[in-house]
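Visitor: Please pick one part of this model and take me through it closely, side chain by side chain. I would like the cut-offs spelled out as you go.

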Amino acid sequence: MAAHDERKSDLIGRLQVLRESVLWKLDGLSEYETRRPMTPTGTNLLGLVKHLATCEFGYFGITFGRPPPIDMPWALPGALDGADMWATPEESTEFVVDGLYRRSWEHAARTFELLDLDSPGHAPGWPQATVSLHQILVHMNIETARHAGHADIVRELIDGAAGMTPGAANLEIAGTDDQRAHYERVQAAADTFR
């Protein structure tokens, strides 16, 4: 039982590190910068956060018979495709971060308290009829890590800020001069194939 609890705590702890990493990417940015689409598919920082909140309410809530405590019209059948991937003008950064994402964490925490890793649930759209909390925790770690990577790139495109967390940049290229020299080396290597 202790090893089971340790695995659960480890998965929850790793998820929290990823969650905080995603939110760090919004630090110091304006409403415009958090919403600005930075890729041809419209990827933007605030939309990534809104999407992750929607996923957490679904996977850690609905999957285990615990509906979200708020209405999410963007997640209902018939909603505009991709509506969870961007914020409307009425949805402030504060609303998306605190009213959705952090609130989804609170909702998830209650699910974690109530259920063991083997507890069954039903995830609509999944091929198997029953899923476990363990499967969903692994899935949301992967989902959050994937979008944290998107957020890394989007933030770097906005203002050059890069790294995993404020205290651990996890980048070997430290200064602006080093980054420029590195970029030029990479470009020169690519240019040999033109």
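Guide: Let's settle on helix α4, where R110 and E113 sit three residues apart, about one turn of the helix. Helices here are DSSP runs of H or I with at least four residues, strands are runs of E with at least two, and the numbering goes from the N terminus. A word on the ground rules: this is a predicted model, in which local features need pLDDT of at least 70 and side-chain atom pairs count only at pLDDT 80 or more, while totals for chains, interfaces and linings use all residues. Residues are numbered from 1 along each chain as its sequence is written, and side-chain values use heavy atoms, with hydrogens and water left out.

Back to our pair. R110 and E113 join their side chains in a salt bridge, with 3.0 Å from N to O; the term asks for a side-chain nitrogen of Lys or Arg within 4 Å of a carboxyl oxygen of Asp or Glu. An α-helix has 3.6 residues a turn, so residues three or four places apart point the same way. R110 has 39% relative accessibility and therefore counts as partly exposed, whereas E113, at 57%, counts as exposed. The cut-offs behind those words are under 20% relative accessible area for buried, over 50% for exposed, and partly exposed in between, with a 1.4 Å probe and protein chains only.

Stay in α4, which covers residues 93-114, and you come to H107. Its relative accessibility is 11%, so H107 counts as buried. The C-alpha atoms of H107 and T93 lie 20 Å apart, with these positions 14 residues apart along the chain. If we set aside neighbours within four places in sequence, H107 is in contact with F57, G61, R66, P67, P68 and P69, contact meaning heavy atoms within 4.5 Å. With P67 there is also a polar approach: the H107 side chain reaches the backbone oxygen of P67 at 3.4 Å. A polar contact is a pair of N or O atoms within 3.5 Å; within protein, one must be able to donate a hydrogen and the other to accept it, and residues adjacent in sequence count only if both atoms are side-chain atoms.

Now for the aromatic rings. Rings of Phe, Tyr and Trp (its six-membered ring) pair if their centres lie within 6.5 Å, and planes under 30 degrees apart count as stacked, over 60 as edge-to-face and the rest as tilted. Three aromatic pairs come out of this rule. One is F60 with F112: the ring centres are 4.9 Å apart and the planes stand at 80°, so the pair is edge-to-face. It ties together distant parts of the chain, since F112 belongs to helix α4 and F60 to the loop between α3 and α4, 52 residues apart. F60 and F112 are both buried. Another edge-to-face pair is Y101 and W105, at 5.0 Å centre to centre with 70° between the planes. Y101 and W105 are four residues apart in helix α4, which puts about one helical turn between them. Both count as buried, Y101 at 0% relative accessibility and W105 at 9%.

One of the residues that H107 touches is F57, and helix α3 (residues 45-59) deserves a glance too. Its 15 residues, at 1.5 Å a residue, should span 21 Å, and the end C-alpha atoms are indeed 21 Å apart; the expected span is 1.5 Å times one less than the number of residues. All 15 of those 15 residues are buried, so α3 is largely enclosed by the rest of the structure. At the start of α3, a side-chain oxygen of N44 comes within 3.5 Å of the backbone nitrogen of L46. The charged end of K50 sits over the ring of W74, 4.4 Å from the ring centre; this label requires NZ of Lys or CZ of Arg within 6 Å of the ring centre and within 35 degrees of the ring normal.

To place the α4 salt bridge in context, the structure holds ten of them. Among them is R180 with E184, at 3.1 Å from N to O; these two lie in helix α6 (residues 176-191), four residues apart, about one turn of the helix.
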